[in-house]
Amino acid sequence: MSTQLPATNSSGYNTPDSELESIVPIHPTAVRRPNYITVQSENTVYTDDHITAKYLNRGADVVVSDGQFTVLPTVKPYEFQTTRKVGKTGLMMIGLGGNNGSTLCATIIANRHQIAWHTKEGIQQPNYIGSVLRASTVRIGTEPSTGKEVHVPVSDVLPMVHPNDLVLGGWDISGLPMDKAMERAKVLDYDLQRQVKPHMALLGRPLPSIYYPDFIAANQEARADNVVSGTDKQAHLEHIRADIRRFKAENQLDRVVVFWTANTERYSDIIPGVNDTADNVLAAIKTSHSEVSPSTLFAVAAILEGEPFVNGAPQNTFVPGVIALAEREKSFIGGDDLKSGQTKLKSVLAEFLVNAGIKPLSIASYNHLGNNDGHNLSAEPQFKSKEISKSSVVDDMVDANRLLYKPPVVGATGKAAKGEHPDHIVVIKYVPAVGDSKRAIDEYYSEIFCGGRQTINIFNECEDSLLATPLILDLTILTELLSRVKYRGEGQNDFAPLHSVLSLLSYMCKAPLVKPGTDVVNSLGRQRNALESFLKACIGLEGNSDLLLETRIW
């Protein structure tokens, strides 16, 4: 006989009698662990409000003269101060009703209410697998008695938002209610959809969004039934700013992260006097200039409201004027383009080959998918944005090894100015039948010892939105954390916020946005190491060391 569960354990609405919640434990990636790491060191101080840690940033200055390298090790002291209280955080997604947005909302609801569901394989419990912060670990040291390494979840290193606590909202050019949007996406198993549908219905319809037909594929027009009226871009900016303020006030939020997970736009032309400076981009909005894209408008709105903006698509949302505006307003921005499958693998494999002394001669990448992202990318201008973000992923790895690749020619133009690179081609095709299940095929053709050749072929099939959604969570949670971290250098009295461009988000992004004037790092290993090292620095621990000296000596 079925037993009625207490209301606090029920997934609610249409499943009050479900017993799955009582027999399926909370997945380790969704468990709350309030006891954070405590570092006992003169370098780390804990108060009720802050964690303050001293850190020595070790580097080296290199002078090259007549082929000789002179290296001068450097040490610069810093202090990091992290606010311990995790504020109530909202996530406003542009593209809320799309595949990523609806999937993220439904899966957070499933985790929040511990809704398990039946599949043909058996009972499936909700989880946050695929999230770097929730489902991967970091080494913090060794246990003296056993000599064994100790690893903890990345999310336990510093106080971070739990995904279940995010307040969800946002905009979409489609006015389909969120329960119907989830059905349209066809990403989640039916039994999960059935159970979360009443919860999704409570989210209602997305807010009306900005729609400029010139920036996305013409095939998206049929979905655009929920748009802010008019053509006055200044009025649109004020409308979006008011939406952010209202969402923040109504939900009593401390922080709102604004996240673009809508359609890929075409690239905006960079025009002197239009979008090259902060003042010019604001003036261009006032005059409704044609090269001000919807994503740029949302970014400017978030910046002026003092809320972080993350771009999860490949277009150049962050034209120079937007970056300058973020710096001027001391607001946080990050992106670009979610790095979930083929590009993430490419950043690993290309680095492996080059670091092994093998010379990739060509990398050919083919994709086909059938979701709305693929539909939009079937238009050439939008595909170009994606092609650019995917194509630059091997650049820094090639630049690091000029034994294999000829260096740039001084004073040259075109390819010679960039130096020798592998031939690199990216193809994306729209195949409706496969839906959200993306197919990616890669061929790596390389030169090996004494004129030999090696070919590596990879076939990758993945559910696109189920890879991308955890990255949205990671980017949101990490962005909120970084907004609570301040630093000061030697001789500085006051702590200051980090630079506006959050380059520590690079691990999750295809085309990482970095501080102007600094080099882009695409190597996945270096990106991960930077993130781990920074989190450790904030609690007074040294960065990753695989030297393991105690295992090399007597």
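Trainee: Which residue with a positive phi follows α7?
Mentor: This is a predicted model. Just after helix α7, the backbone has a phi near 55°, a positive value. The residue there is serine 288.

Trainee: Which residues of α7 are buried, and where do they lie around the axis?
Mentor: Helix α7 covers residues 278–286, and its buried residues are Ala278, Val281, Ala284 and Ile285. An α-helix has 3.6 residues a turn, so residues three or four places apart point the same way. The buried residues of α7 cover an arc of only 125° around the axis, and therefore lie on the same side of α7.

Trainee: Which helices do the buried residues of α7 pack against?
Mentor: The contacts of these buried residues lead to other helices. The partners are α6 (233–250), α8 (294–304) and α9 (320–329).

Trainee: What span should α10 have, and what is the distance between its end C-alpha atoms?
Mentor: Helix α10 holds 14 residues, 342–355, and at 1.5 Å a residue it should span 20 Å. The distance between its end C-alpha atoms agrees with that, at 20 Å.

Trainee: How many residues of α10 are buried?
Mentor: Among the buried residues are Gln342, Lys344, Leu349, Glu351 and Val354. Helix α10 is largely enclosed by the rest of the structure, because the buried count among its 14 residues is 10.

Trainee: Which residue with a positive phi follows α10?
Mentor: The phi in question is near 80°. It belongs to glycine 357.

Trainee: Is aspartate 156 buried or exposed?
Mentor: Aspartate 156 sits in the loop between β8 (149–153) and β9 (167–172). Beyond its neighbours within four places in sequence, aspartate 156 is in contact with Arg33, Tyr36 and Ile37. Its relative accessibility is 10%, and the cut-off for burial is under 20%, so aspartate 156 counts as buried.

Trainee: Which element gives the most residues to the lining of the second largest pocket?
Mentor: The second largest pocket holds about 520 Å³ of space. Its lining has 23 residues, and those closest to the centre are Thr107, Trp117, Leu188, Leu192 and Leu466. Two elements, α2 (99–112) and α15 (464–482), give two or more residues to the lining. With four residues, the element that gives the most is α15.

Trainee: How many residues in the lining of the second largest pocket are nonpolar?
Mentor: By class, the lining of the second largest pocket includes eight polar and four charged residues. The nonpolar residues number 11.

Notes: Residues numbered from 1 in each chain as written. Predicted model: local features only at pLDDT ≥ 70, side-chain atom pairs only at ≥ 80, totals over all residues. Heavy atoms only, no water. Buried < 20%, exposed > 50% of the residue type's maximum accessible area, 1.4 Å probe, protein only. Contact = heavy atoms within 4.5 Å. 1 Å grid on protein atoms, 1.4 Å probe; cavity = no way out; pocket = protein on both sides within 12 Å on 5 of 7 lines; lining within 4 Å. Points joined across faces, edges and corners; volume = space filled by probe spheres on them. Nonpolar A, V, L, I, M, F, W, Y, C, P; charged D, E, K, R; others polar. Expected span 1.5 Å × (residues − 1). Arc of directions from axis to C-beta.
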